[in-house]
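This briefing is meant for a reader who is meeting the structure for the first time. Please keep the sequence and the 3D view at hand while going through the points below.

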Amino acid sequence: MLSALARTATRRPLTVILVWLLLLFLGFGFGTGVFDRLSDAVPDIPGTESDRTEHLMEELDPAGSDMTAVVAGTEVARLRPQIERAVADVRNTKGVAEVPDPFTTPGLTAEDGRALLIPVVFEGGLDEDAEDDAIEDAAGRLRQIDAPQVHVSGGELLGQQMGERAEQDVKNAEIITLPAVLLLLLIIFGGLRAAGLPLVVTVCGVGGAFLILFGFSQVTEISLYVVQITTMMGLGLAVDYALLMVMRFREERRGTESTDADDVVEAVHRTVAHAGRTVLFSGLTVAVSLAGLLVYPSPFLRSMGLAVGAVVVVDMLAAVTLVPALLTRFGRKIAPAKARAKPAGREPGAVFARLARFSIRRPLLVVTVVVAGLVVLALPALGMKIAVGDARSLPKDTEARQLYDTVGAHFPAGTGIDPITVLIRPGAPRDCARKIRALPGIAASESHQLPDGSTVVELSPTGAVDGPTATGLVREIRDLRGDEPVQVAGTAARLVDFRNMLGELTPWAALIVLVGISVLLFAFTGSLLIPLRTLLTTLLSLGAALGVVTWVFQGGHGASWLGGEGLGELNITAPPLIIAIAFGLAMDYELFILSRMRESWLATGNAEEAVVSGLRHSGRVVSCAALLLSVVFAGFMTGGFSPILQIGLGLTLAVLIDATVVRMLLVPATMALLGARAWWAPARLRRVHERYGVRG
């Protein structure tokens, strides 16, 4: 397959380039429409009790979405005439069902008299365009109130605001990242043409990411997190793969100044045969690492796995088609790698060779020190807590965060938060509602009847909407009801259901990933022990990254330096995405190194020389790729959105730890301990590999 792709790219380079330009045009022309279709519904899981209850309540008593405005910064009584005019205008807005009087409704005016809430409920059954128009008209009229502070958010408007923020954050990240990546590539390659090729592939990868996401948005919900993560991965992996291909191409032309077209084409074919194979297996390992997310019924996790996996495939295809086409057209103008220097210790990759020899001479010491250090870093992850999160996750300059902070400053704790909703169906004991309201941890409660005779009890828990008190109440209510027709919904219930899902299905997801990665590594290396060694060392770097993220964002140690806050928990999105993506990226760099080790092992049969040669030839590629990927992740962390900060820091740390202490020290040390046994496999499996695995 690779040889066929290489022949196509070298015979018809202009056609290949034009196809990718068309993809780029479609991606940035149509694909960016995905920003108008984003969802902030992360913990929803079809079929769970919370999901079924919410759908049932919607059937029994259809209701529209809602939003809230807060007016503050002055004595609100002075603003009463204009606030009442604004409320009257909003009530008359088409699509608005209800706006309570904020001056006469209990709880809507702050005790200090300097803040006031205006809740707006929209009609149920509105189509998407009508609802958007109603939200825009009502929010626009409320913002016309002449007060020091007027903030409007919540419901569908919150989703729109977060989508707009995600789009702006992606644009800002690209503005920061692309020039920084180009500068680093110029330093690495020392020439604009060689540096420009990975950047071209990067831009194509981003365009492909947008197009794929837009396609997915037509058939399923796309989370606003998906856009940022897939764009981040599209940038990072495109740079990684293109960097590997261009550096191998320069190496294949080492020591020659020939500009003959046939020589360049031959070098391209050799590049695809060697580096292309590595890119292919690397892309497959990243995709398999993300396949574990498909086990979960959560639309958020599934869409993340599908979208990021698809972007990996786009980057992989760009590396083995677009890069060879560009090299065929412009490769003659790219300087070959310099001929090897004669003095010992000055040859290319000498630093990495010395690191490998150091680890080989002292394997037990290196393994002990590195493993102990990584375990210490991983310890905070044992106390990790996850939560849906609230507006504190948003940057302080966003309207939703300003509304949250203003409400928190003027109203009692718990005001405006999503309550725990208990649906008591006909047939339940008469004292059921009383027993539920008597549970500890409830700050306030309200109840009302539905047309079918069901009772809805809304409980405002003390503490956060998804804190331990709220989630504990959900469990207590579910335990208390026994077999009675009582169902629980709300944010806290969705979090409980999400945690239960993770607990039940994570072992299966992990099994799928571990088996898939092991099979791919065996097909690549022909070894039974290298996959096991790779998985163990990768889990160490992953645990260390998660531990630091927990220490920073859950414990609050230095979170402000990154533009975030210590929230007492990690966002529900961060741990599964860090684990899935970082695991795939670690496999990425492992394959870069293993490919060169395997070449030397097949050529010499010397296990120690294979390790040294592998690090000498791949160390620079891995180090440069890790540095570039870290710059990409750092660019996306400038937006200040806490979940992205957590994911960005986790992936940055995982990449840097894995590409330095793990791949440069722990890998050669463990390979030295295994010796020639590292490449061992039983006779039967060797025959399987000879028939189905990678050969040559």
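Is Arg 143 buried, partly exposed or exposed? Arg 143 has a relative accessible area of 37%, and it is therefore partly exposed. The model discussed here is a predicted one, and the points that follow take up its salt bridges, its surface patches, a bent helix and some buried residues.

**Salt bridges**

- The count of salt bridges comes to 21, and the general idea behind such contacts is that side chains of opposite charge can pair when their charged atoms come close.
- Arg 143 takes part in a salt bridge with Glu 399, in which the closest N and O atoms are 2.9 Å apart. This pair links distant parts of the chain, since Arg 143 belongs to helix α5 and Glu 399 to helix α13 (residues 399-410), with the two positions 256 residues apart in sequence.
- Arg 141 forms a salt bridge with Asp 89, and here the closest N and O atoms are 2.8 Å apart. Because Arg 141 lies in helix α5 and Asp 89 in helix α4 (residues 80-91), the pair ties together parts that are 52 residues apart in sequence. Asp 89 has a relative accessibility of 37%, so it counts as partly exposed.
- Glu 54 and Arg 494 meet through their side chains in a salt bridge of 2.8 Å, N to O. This pair also links distant parts of the chain, with Glu 54 in helix α3 (residues 49-60) and Arg 494 in helix α16 (residues 491-525), 440 residues apart. Glu 54 is partly exposed, with a relative accessible area of 29%, whereas Arg 494, at 17% relative accessibility, counts as buried.
- A network of salt bridges links Arg 248, Glu 251, Glu 252, Arg 270, Arg 596 and Glu 599.

**Charged patches on the surface**

- A patch of negative charge on the surface gathers Asp 127, Glu 128, Asp 129, Asp 133, Glu 136, Asp 137 and Glu 156. Helix α5 (residues 128-143) gives the most to this negative patch, contributing five residues.
- Glu 136, one of the residues of the negative patch, is found in helix α5. With a relative accessibility of 56%, Glu 136 counts as exposed, because the term applies to values over 50%.
- A positive patch on the surface is formed by Arg 193, Arg 329, Arg 332 and Lys 333. Within this group, Lys 333 lies in the loop between α10 (299-330) and α11 (350-361), and its relative accessibility of 56% places Lys 333 among exposed residues.

**A nonpolar patch**

- Leu 183, Leu 186, Ile 187 and Leu 192 form a nonpolar patch on the surface, and together they have about 400 Å² of accessible area. Helix α6 (residues 155-189) supplies the largest share of this nonpolar patch, namely three residues.
- Ile 187 is found in helix α6, and at 62% relative accessibility Ile 187 counts as exposed.

**A bent helix**

- Helix α20 (residues 642-674) bends by about 50 degrees, and the position of the bend is Val 662.
- Of the 33 residues of α20, 27 are buried, so this helix is largely enclosed by the rest of the structure.
- Gly 675 comes just after α20 and takes a positive phi of about 65 degrees.

**Buried residues and distances along the chain**

- Arg 478 is found in helix α15 (residues 468-481), and with a relative accessible area of 14% Arg 478 is buried, because the limit for that term is 20%.
- Arg 478 and Val 488 are 10 residues apart in sequence, while their C-alpha atoms are 7.4 Å apart in space.
- Gly 490 is found in the loop between β11 (486-489) and α16, and at 5% relative accessibility Gly 490 counts as buried.
- The C-alpha atoms of Gly 490 and Arg 401 are separated by 21 Å, and the two residues are 89 residues apart along the chain.

Notes: Residues numbered from 1 in each chain as written. Predicted model: local features only at pLDDT ≥ 70, side-chain atom pairs only at ≥ 80, totals over all residues. Heavy atoms only, no water. Patch = residues over 30% accessible without salt bridge, like charges linked within 9 Å, V, L, I, M, F, W, Y side chains within 5 Å. Areas by Shrake-Rupley, 256 points an atom, 1.4 Å probe, with all protein chains shown as cover. Salt bridge = Lys/Arg side-chain N within 4 Å of Asp/Glu carboxyl O. Lys, Arg positive; Asp, Glu negative; His and termini not counted. Charge placed at Lys NZ, Arg CZ, Asp CG, Glu CD. Helix = DSSP H or I, 4+ residues; strand = E, 2+ residues; numbered from the N terminus. Buried < 20%, exposed > 50% of the residue type's maximum accessible area, 1.4 Å probe, protein only. Bend = angle between axes of the 7 residues up to and from the residue.
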